[in-house]
Amino acid sequence: MPGNDLTRLRIALTTFFALDGFIFAGWVVRIPAIKQQTGASASALGLALLGVSAGAVITMMLTGRLCRRFGSHPVTVFCGVLLSFSVALPPLTHSPLTLGAVLLVFGMAYGGINVAFNSAAVDLVRALGRPVMPSFHAAFSLGGMIGAGLGGLVAGALSPTRHLLGLTTIGLIVTVLAGRTLLRHRPPTSPENASHTEPAPRRLDHRTRGLVITFGLIALCTAYGEGALADWSALHLEQDLDATPGVAAIGYSCFALAMTVGRLTGTKLLERLGQGGTTAAVGMLLGALAPSLWVALIGFVITGLGLANLFPVAIERAGALAGPDGVAIASTLGYGGMLLGPPAIGFMADWFSLPTALTSVAALAALATVIAFTTRRAASRSPV
């Protein structure tokens with residue numbers, strides 16, 4: 001495939017990653033208002049948020065097959081349309097049950113597009129022959145930052161219904177514009193595939209599979225924090241630190257900005273699993289237990305810097321050990337942590353308090369540090 005076509009594909013895929021983060025952040029900053037509208041308790045809201053998890057898990061299991069049958073590019077475009085429409089549904093609900101039902105649809109779109117455009121990105125990275133995958137994840141974080149920032153600006157002026165309907169309009173326009181490029185081009189092939197010398201799939205022995213699952217657990221521990229902050233940071237700032245809805249939305253924007261900076265810079269300190277986990281644990285304790293708004297925001301920034309590259313590095317190491325199978329196993333565990341974290345926070349918030357529940361993010365980041373430290377030597381001895 002000519003270089004210009006690869007560049008166009010990269011721009012289109014980057015746009016879809018950014019759109020995904022933008023729409024998801026737009027939804028999460030309106031969670032406090034929709035919680036009030038539905039009259040949900042913290043645990044009832046947690047159960048409703050489980051709809052996102054359930055929908056995502058269902059489609060994550062099926063999207064791989066759909067991509068093999070129809071191609072990752074058409075599936076990405078279809079899921080982009082579904083995601084854009086479904087984000088407008090939560091403000092139309094008035095009970096936790098109906099909220100959970102529409103979030104099931106939203107979760108199906110979210111899970112589907114994540115698998116589809118990651119599959120498309122893997123094909124493009126192989127064709128380019130350059131490690132550009134972190135740039136796609138940085139685009140997701142940047143889209144989240146912009147979506148949360150815009151949500152903060154309009155929270156006092158627009159109702160959740162009008163705000164999220166606006167996201168539907170933006171999403172559909174972007175999907176049409178970027179989707180045209182994806183639909184025009186088939187996924188590129190790497191030089192090995194083009195010359196029909198693709199290596200045979202690598203088989204996993206018990207030891208390698210165990211290490212891959214370990215890296216998947218590291219991804220799970222860290223993605224748990226990303227999902228928890230996405231769904232609960234605004235409510236924490238508004239409920240526990242008396243922030244206005246607009247200011248509360250800035251919390252996730254600060255976190256997403258830090259994630260973006262961390263992924264774009266990829267500094268040696270933050271790229272190491274153990275040190276990043278320690279940084280995230282300290283930052284989340286500060287963010288959850290801070291007595292003032294600004295100290296909490298600083299904690300969210302530190303957490304974002306610490307978590308930024310843990311997920312990509314864990315997935316990369318799993319792939320180095322076991323190829324595409326390793327990536328698939330670790331990614332599934334990682335996304336599971338991101339999607340199951342918010343409901344878990346909801347139950348703990350009802351049992352204890354929301355600040356106490358958010359300290360579980362620090363606990364899992366610390367656990368990721370311990371896992372990384374204890375397995376580093378074993379991983380270094382494994383064949384790649």
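In this predicted model, the largest cavity is lined by Phe-17, Tyr-110, Asn-114, Phe-117, Asn-118, His-137, Phe-140, Glu-226, Arg-263, Phe-311, Tyr-335 and Met-338. Its volume is about 120 Å³. Helix 5 contributes the most to this lining, with four residues. Helix 5, helix 6 (133–154) and helix 14 (310–351) each provide at least two lining residues. By class, the lining of the largest cavity comprises seven nonpolar, three polar and two charged residues. A search of the whole structure returned three cavities of 30 Å³ or more.

The second largest cavity encloses about 70 Å³ of space. Its lining consists of Phe-24, Leu-49, Val-52, Gly-227, Ala-230, Asp-231, Met-338, Leu-339 and Pro-342. At least two of these residues come from each of helix 3, helix 9 (206–240) and helix 14. Seven lining residues are nonpolar, one is polar and one is charged. Met-338 lines the second largest cavity and also appears in the lining of the largest cavity. Helix 14 likewise supplies at least two residues to the largest cavity and at least two to the second largest cavity.

Among the open sites, the second largest pocket holds about 180 Å³ of space. Thr-59, Leu-62, Thr-63, Leu-66, Phe-70, Val-75, Phe-78, Cys-79, Leu-82, Met-108 and Gly-112 line this pocket. Helix 3 (42–70), helix 4 and helix 5 (96–128) each supply at least two of the lining residues. The largest share comes from helix 3, with five residues. The pocket lining has no charged residues; eight are nonpolar and three are polar.

Helix packing was examined for helix 1 and helix 4. Helix 1 spans residues 3–28 and helix 4 spans residues 72–86. The two pack at an angle of about 25°, with their axes 11 Å apart. Angles under 35 degrees count as roughly parallel, and helix 1 and helix 4 are therefore roughly parallel to each other. Helix 1 passes helix 4 in a left-handed crossing. On the helix 1 side, the contact is made by Leu-9, Phe-16, Asp-20 and Ile-23. Helix 4 contributes His-73, Thr-76, Val-77, Leu-83 and Ser-84. By class, the contact has five nonpolar residues, three polar residues and one charged residue. Helix 4 thus has two roles here: it packs against helix 1, and it supplies at least two residues to the lining of the second largest pocket.

How values were computed: Residues numbered from 1 in each chain as written. Predicted model: local features only at pLDDT ≥ 70, side-chain atom pairs only at ≥ 80, totals over all residues. Heavy atoms only, no water. Axes fitted to C-alpha atoms, helices over the stretch in contact; angles between N-to-C directions. Parallel < 35°, antiparallel > 145°, perpendicular 65-115°, else oblique. Left-handed = near helix turned anticlockwise from the far one by under 90°. Contact = heavy atoms within 4.5 Å. Nonpolar A, V, L, I, M, F, W, Y, C, P; charged D, E, K, R; others polar. 1 Å grid on protein atoms, 1.4 Å probe; cavity = no way out; pocket = protein on both sides within 12 Å on 5 of 7 lines; lining within 4 Å. Points joined across faces, edges and corners; volume = space filled by probe spheres on them.
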